[in-house]
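Biologist: I should like to understand the terms used for this model. May we look at it together?

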Amino acid sequence: MQIRTSVAIVLIATIALSTGAMAQNIYKCGDTYSQTPCPGGAIVDAADQRTPGQKTQADLATRRDARAADALEKARLKQEKAAIAANAPTVKPEVASTATDTSTAYAKKKKKKTPEHFTAQIPGKKKQKQSAKKRPEKKDELKS
């Protein structure tokens, strides 16, 4: 088992070293660039010509610009928030108070109890029952 592991490590190391990033030639063919040579194409040197000091300066400038951009974004968001707060209405709308009044009005109303099961009714029959109930009450009032 140890032999297989050591052979695998050696193979992986060899492959990793052999596939290193080798510089490829870049050809300028007219107005385009290509990795394959073309007739009349010129080889372009694509290596980084900067010194290590210049690269460090460029990296520092990039970080500085990123910090400045973050600070500007925070300032812009703060200004937008202040503008929204300045334009917000100072008086609360009265709609909220009327909503509580209407909810209490609905709470005071008695709702008819709906039957558990469906019951078919004849249209107009309900009115007749109500009028029939009212009539006997009137008769009772006349007698007393």
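Biologist: Why is tyrosine 27 counted as buried?

Modeller: This is a predicted model, in which local features need pLDDT of at least 70, side-chain atom pairs count only at pLDDT 80 or more, and totals for chains, interfaces and linings use all residues. Residues are numbered from 1 along each chain as its sequence is written, and side-chain values use heavy atoms, without hydrogens and water. Buried means under 20% relative accessible area, exposed over 50%, and partly exposed in between (1.4 Å probe, protein chains only). Tyrosine 27 has 14% relative accessibility and therefore counts as buried.

Biologist: Which residues does tyrosine 27 touch?

Modeller: Contact means heavy atoms within 4.5 Å. Leaving aside residues up to four places away in sequence, tyrosine 27 touches Thr32, Tyr33, Ser34, Gln35, Thr36, Pro37, Ala42 and Ile43.

Biologist: What makes strand 1 and strand 2 a pair?

Modeller: Strands are DSSP runs (E, at least two residues), numbered from the N terminus, and two strands pair if DSSP finds at least two bridges between them. Three bridges join strand 1 (residues 26-29) to strand 2, so the criterion of at least two is met. In one of these strands, strand 2, serine 34 is the bridge partner of tyrosine 27.

Biologist: How many bridges join strand 1 to strand 3?

Modeller: Three bridges join them, and the two strands run antiparallel. The bridge partner of lysine 28 in strand 3 is alanine 42. The three strands form an open sheet in the order 2-1-3, with strand 2 (32-34) and strand 3 (42-44) as the edge strands.

Biologist: Which side chains of strand 1 point to the buried face?

Modeller: Tyr27 and Cys29 point to one face and are buried, whereas Ile26 and Lys28 point to the other and are not.

Definitions and conventions. Helix = DSSP H or I, 4+ residues; strand = E, 2+ residues; numbered from the N terminus.
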